[in-house]
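Please examine the structure shown below with care. The paragraphs that follow lead from one residue to the meeting of two chains.

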Amino acid sequence: MAERIPTRLGDGSLVHMTRGEIEADLHDGTEAAARRAKVEPLGEDELDHLLDIFTSPARFSAVDIGHEVVLSIDGSGNRDINAPVLEQIVYQNHHGADIVEVWNSDYSYKAVKTVLSFQMQELKDTLLQTVVPVHYGAMPDLGRYSQPDGPAPNWSQLLPQGRIDEARAAQEEAMALLEADMWHTAEAAVATGADGLDFDTAAAAGDADFLATLHVTRRIRDAFPDFGVEIGMASEMVLGMHGQLEYEGVRLAGQWPLGQLRAVTAAGATIFGPAVNVNTTRSVAWNVARACTLVKPVTAEATIPVHMNAGMGVGGVPMTPYAPVDATSRVSRALVDILGLDGL
Amino acid sequence: MAATHALASGMGGMRTAGDLVARMQITRGMRLPQAKRYVAERLGCSVEDLSDPLVMHDIRRELGLGLIPVQDLTYPDEPGAIEAKFRIAEVLGIPVNSVACFRRHARL
């Protein structure tokens with residue numbers, strides 16, 4: 001009877017699988033991604049390396065010495081001791097963070113604008129007390145501008161009614177408001193001394209959310225050439241909630257990570273963060289093989305650093321607030337080894 | 001989760017040269033190998049040294065790039081926090097926004 005190896009599912013639960021079952025999952029994961037995004041599956045040598053990682057009985061797995069990457073930790077600090085500046089110092093001194101991020105509990109540029117002066121004071125206090133680079137981060141979060149939370153008509157209600165033109169107009173109205181809030185925050189963060197801005201979970205509300213982010217990124221790059229802009233995506237494919245929006249002549253709806261990279265690079269961002277969603281019912285091995293397949297074309301073509309999202313429920317990390325160390329370390333190593341990432 | 005990534009694949013931040021390599025990615029959009037080579041050249045060390053906490057402790061101390069106080073070692077007479085960023089800007093040859101703000105506000 002084949003030995004059963006402890007491993008994890010995408011929801012974090014512990015399961016026992018044979019070497020053959022894990023190998024089959026790796027092949028199935030890469031083929032699923034290749035079919036869906038029309039990209040090349042992983043090669044045999046890459047799958048063999050993943051098999052070694054996921055069949056090891058060790059509790060922890062890590063990259064080889066010398067292969068370490070930069071960690072831009074979005075949402076650094078746990079907000080558990082009610083001392084946000086101190087928490088950034090803790091992440092710098094105790095967690096080995098290469099970049100930290102000041103953020104608001106209501107993680108949205110629309111919400112940030114209402115407390116901007118307080119957020120910028122927190123940013124300034126952090127900058128005076130830290131050495132590592134400091135980002136200010138929040139979500140573009142276009143949906144916040146639709147009714148009942150915002151002034152624009154709600155396109156999620158209009159679309160099922162077949163009122164397509166009105167839904168598109170509503171998103172364009174919301175985009176203008178979002179861009180104003182993001183730009184307002186960017187100007188304040190630059191004046192406060194931040195090293196960069198993080199547009200986190202971009203395109204969460206689809207192609208209009210993404211386009212607004214690209215517009216503001218271009219505006220920042222033109223105005224502040226040395227200021228960093230990290231664009232981290234919300235998911236693996238841009239949803240076409242509008243469907244007709246383009247950036248520099250390329251339609252944004254339906255873009256997979258490689259297309260997203262091209263748009264982000266054209267807009268002038270300095271770091272790109274692809275995100276691949278986790279299937280909680282499949283093994284972590286299956287999810288990692290799938291994530292690597294979707295992002296491999298990105299690192300092959302990128303001219304800017306690629307910091308893949310590897311937080312809860314993305315990149316292969318299980319969808320649980322207490323991600324097991326055995327699973328997260330395997331994901332971390334596998335993504336860096338297979339993709340040649342610049343960071344996480 | 002951040003601690004797991006730091007141990008599994010992270011450069012180590014101020015324990016090593018992770019923050020310095022990160023600055024080249026942020027301000028110059030350099031990919032990792034280029035950023036590591038650039039920082040190593042500016043520090044006068046090898047790329048391998050950048051991830052070695054022992055080597056980097058001595059380099060950071062010599063150049064005034066900031067150190068992490070620990071139980072056994074404190075650095076009250078060495079550059080820390082914003083002070084160290086003045087040195088980082090000079091050693092790496094890049095603008096550091098918070099340093100520029102500090103200069104402006106202090107009328108230096």
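In this predicted model, helix α6 of chain B spans residues 97-106 and contains Phe102(B). Phe102(B) has a relative accessibility of 31%, and it is therefore counted as partly exposed, a class that lies between buried, under 20%, and exposed, over 50%. Together with Leu108(B) and Leu128(A), Phe102(B) makes a nonpolar surface patch of about 280 Å². The patch thus draws on residues of chain A and chain B.

The two chains may now be considered together. In chain A, 60 residues are in contact with chain B, where 47 residues take part. The size of an interface is often given as the accessible area lost when the parts come together. Here, chain A and chain B bury about 3800 Å² between them, and carbon and sulfur atoms give 60% of that area. Of the area that chain A buries against chain B, 17% is supplied by Glu68(A), Val131(A) and Asp226(A), more than by any other three residues.

Polar and charged groups also meet across this interface. The rule finds 26 residue pairs in polar contact between chain A and chain B, with both residues at pLDDT 80 or more. Three salt bridges are counted between the chains. Asp195(A) forms a salt bridge with Arg23(B), and their closest N and O atoms are 2.9 Å apart.

Which elements of chain A give two or more residues to the side that touches chain B? They are α3 (84-94), α5 (116-129), α7 (164-192) and α11 (325-339). Of these elements, α11(A) gives the most, with five residues.

Note on methods. Residues are numbered from 1 along each chain as its sequence is written. Chains are lettered from A and ligands numbered from 1 in the order in which they are written. This is a predicted model: local features need pLDDT of at least 70, side-chain atom pairs count only at pLDDT 80 or more; totals for chains, interfaces and linings use all residues. Side-chain values use heavy atoms; hydrogens and water are left out. Patches are made of residues with over 30% relative accessible area and no salt bridge: like charges are joined within 9 Å, nonpolar side chains (Val, Leu, Ile, Met, Phe, Trp, Tyr) within 5 Å. Accessible areas come from the Shrake-Rupley method with a 1.4 Å probe; for residues, only the protein chains shown count as cover. A salt bridge is a side-chain nitrogen of Lys or Arg within 4 Å of a carboxyl oxygen of Asp or Glu. Helices (H or I, at least four residues) and strands (E, at least two) are DSSP runs, numbered from the N terminus. Buried means under 20% relative accessible area, exposed over 50%, partly exposed in between (1.4 Å probe, protein chains only). Contact means heavy atoms within 4.5 Å. Buried area is the accessible area (1.4 Å probe) that two parts lose on being put together, summed over both. A polar contact is a pair of N or O atoms within 3.5 Å; within protein, one must be able to donate a hydrogen and the other to accept it, and residues adjacent in sequence count only if both atoms are side-chain atoms.
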